[in-house]
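User: I should like to learn how to read the helices of a protein model and the sides they turn inward. May we work through an example together?

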Amino acid sequence: MKKIMTILVLTMALGACSQTEKGAAVGGLGGAAIGAAVAGDPVQGAVVGGAVGAVAGALIGHASESGQCRYRDRHGRVYVDRCPSGY
C-alpha cells in the first residue's frame, strides 16, 4: 500500500512539470533502476544510471517542447506559450 501511495504522489507531482522536467525525472528514475540492476556495485550503478538517464530524459523532453517557452507573471504563476519569433 505504501508503494502505491508513493507512486500516486510522485505521479501527481509530475503533472505540474514541463516536458523537460518530466523527461528528466522519468529518465533519472529509470536509469537509476537499470544501473542498480546491471552494475556490479548497485549504488554506483544507480548514481551513474540516474545521471545519464536524467540528462537523456531532459534532452528528449526538451525536444518535444519546440516553439514553447515558459513565462512567469508578476504573481509568480508559470505558464507556457509560444516563443517570440526569432527565439
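Analyst: The following turns go from the overall fold to the helices. This is a predicted model, in which local features need pLDDT of at least 70, side-chain atom pairs count only at pLDDT 80 or more, and totals for chains, interfaces and linings use all residues. Residues are numbered from 1 along each chain as its sequence is written, and side-chain values use heavy atoms, with hydrogens and water left out.

User: Which pattern does the protein chain follow along the sequence?

Analyst: Helices (H or I, at least four residues) and strands (E, at least two) are DSSP runs, numbered from the N terminus. Here the protein chain has three helices and two strands, in the order α-α-α-β-β.

User: How far apart are the end C-alpha atoms of helix 2?

Analyst: The expected span is 1.5 Å times one less than the number of residues. Helix 2 (residues 19-38) has 20 residues and should span 28 Å; its end C-alpha atoms are 28 Å apart, which agrees.

User: Which residues of helix 2 are buried?

Analyst: Buried means under 20% relative accessible area and exposed over 50%, with partly exposed in between (1.4 Å probe, protein chains only). In helix 2, the buried residues are T20, G23, G27, G28, G31 and G35. They lie on the same side of helix 2, because they cover an arc of only 125° around the axis, taken from the directions from the helix axis to the C-beta atoms. V26, L29 and A37, on the other side, are exposed.

User: What covers the buried residues of helix 2?

Analyst: Contact means heavy atoms within 4.5 Å. The cover of helix 2 includes helix 3 (42-63), and that of helix 3 includes helix 2. Among the buried residues of helix 3 are G45, G49 and G53.
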